Amino acid sequence: MELKVITTQDLEWARKLRNKNRKHFVQKHIITEEGQKEWYKNLQKEKDISFYIIWVDCIKVGTISTKHCFGYNEGFIEIHNVLIDEKYRGQGLTKQAIGILREFNEGELFRIEALVTNEPALRVYINAGFESHAIVLYG
């Protein structure tokens with residue numbers, strides 16, 4: 001497995017994957033091609049955010065991103081945009097991708113959020129070593 005920083009050649013693939021799985025996100029709107037291009041343009045300006053395409057055997061299988069956050073008494077890394085294409089789920093790829101991020105950022109505290117209705121993701125994250133500490137409510 002490799003995590004490669006997203007490029008312009010990956011945008012349409014990532015957009016389609018996100019739109020197909022939008023029910024798992026707080027913001028469930030469909031992302032347009034123009035919206036994706038604008039997002040990518042803004043991403044290039046962010047020094048604390050990294051967005052990766054997950055590759056296995058030269059095939060794009062998913063996405064994952066990190067955001068370095070600083071606050072309170074210490075910093076931490078948030079994991080976002082975790083998506084594995086349906087064809088490749090159930091193979092431990094999310095856990096493996098998180099492991100690569102942890103290895104690359106050894107000693108850092110990580111945080112990840114999931115909708116309480118997304119039980120498969122919650123199981124994967126707990127299996128990857130995360131513990132549930134809060135429920136965040138949106139209104």
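This text walks through the cores, helix pairs and a few single residues of a predicted model.

The largest nonpolar core is a good place to start. It has 19 residues, and among them Ile64, Ile79, Ile98 and Phe130 touch the most other members. Several elements feed this core with at least two residues each: the strands β2 (49-56), β3 (59-71), β4 (74-84) and β5 (110-112), and the helices α3 and α4 (119-127). A second core, separate from this one, holds eight residues, including Leu11, Ala14, Tyr40 and Phe51.

Phe130 shows what such a position looks like in detail. Leaving aside residues up to four places away in sequence, Phe130 touches Ile79, Ile98, Arg102, Phe110, Arg111, Ile112 and Tyr125. Two of these contacts, Ile79 and Ile98, are themselves listed with Phe130 among the core residues that touch the most other members.

The helices come next. Two packed helices are described by the angle between their axes and the distance between the axes. Helix α1 covers residues 11-20 and helix α2 covers residues 33-43; their axes lie 10 Å apart, at an angle of about 115°. The two helices are therefore roughly perpendicular to each other, and their crossing is right-handed. On the α1 side the contact involves Leu11, Glu12, Ala14 and Arg15, which meet Glu33, Gln36, Trp39 and Tyr40 of α2. Leu11, Ala14 and Tyr40 from this contact also belong to the second core.

The other pair is α3 and α4, whose axes come within 9 Å and cross at roughly 45°. Because of that angle, α3 is oblique to α4. This crossing, too, is right-handed. Here Thr94, Lys95 and Ile98 of α3 meet Val124, Tyr125 and Asn127 of α4. Ile98 thus appears in the helix contact as well as in the largest nonpolar core.

Helix α3 spans residues 93-104 and also contains Gly99. Is Gly99 buried, exposed or partly exposed? Its relative accessibility is 31%, so Gly99 counts as partly exposed. Gly99 and Glu46 are 53 residues apart along the chain, and their C-alpha atoms are separated by 23 Å.

Last come the cysteines. A disulfide is a covalent bond between the sulfur atoms of two cysteines. A search of the whole structure finds zero disulfides. Cys58 and Cys69 differ in their surroundings: Cys58 counts as exposed because its relative accessibility is 73%, whereas Cys69, with a relative accessible area of 12%, is buried.

Note on methods
Residues are numbered from 1 along each chain as its sequence is written. This is a predicted model: local features need pLDDT of at least 70, side-chain atom pairs count only at pLDDT 80 or more; totals for chains, interfaces and linings use all residues. Side-chain values use heavy atoms; hydrogens and water are left out. Helices (H or I, at least four residues) and strands (E, at least two) are DSSP runs, numbered from the N terminus. Buried means under 20% relative accessible area, exposed over 50%, partly exposed in between (1.4 Å probe, protein chains only). A disulfide is a pair of cysteine sulfur atoms within 2.5 Å. A nonpolar core is a set of buried Ala, Val, Leu, Ile, Met, Phe, Trp, Tyr and Cys residues joined through side-chain atoms within 4.5 Å. Contact means heavy atoms within 4.5 Å. Axes are lines fitted to C-alpha atoms, for helices over the stretch in contact, and angles run from 0 to 180 degrees between N-to-C directions. Angles under 35 degrees count as roughly parallel, over 145 as roughly antiparallel, 65 to 115 as roughly perpendicular and the rest as oblique. A crossing is left-handed if the near helix is turned anticlockwise from the far one by less than a right angle, and right-handed if clockwise.
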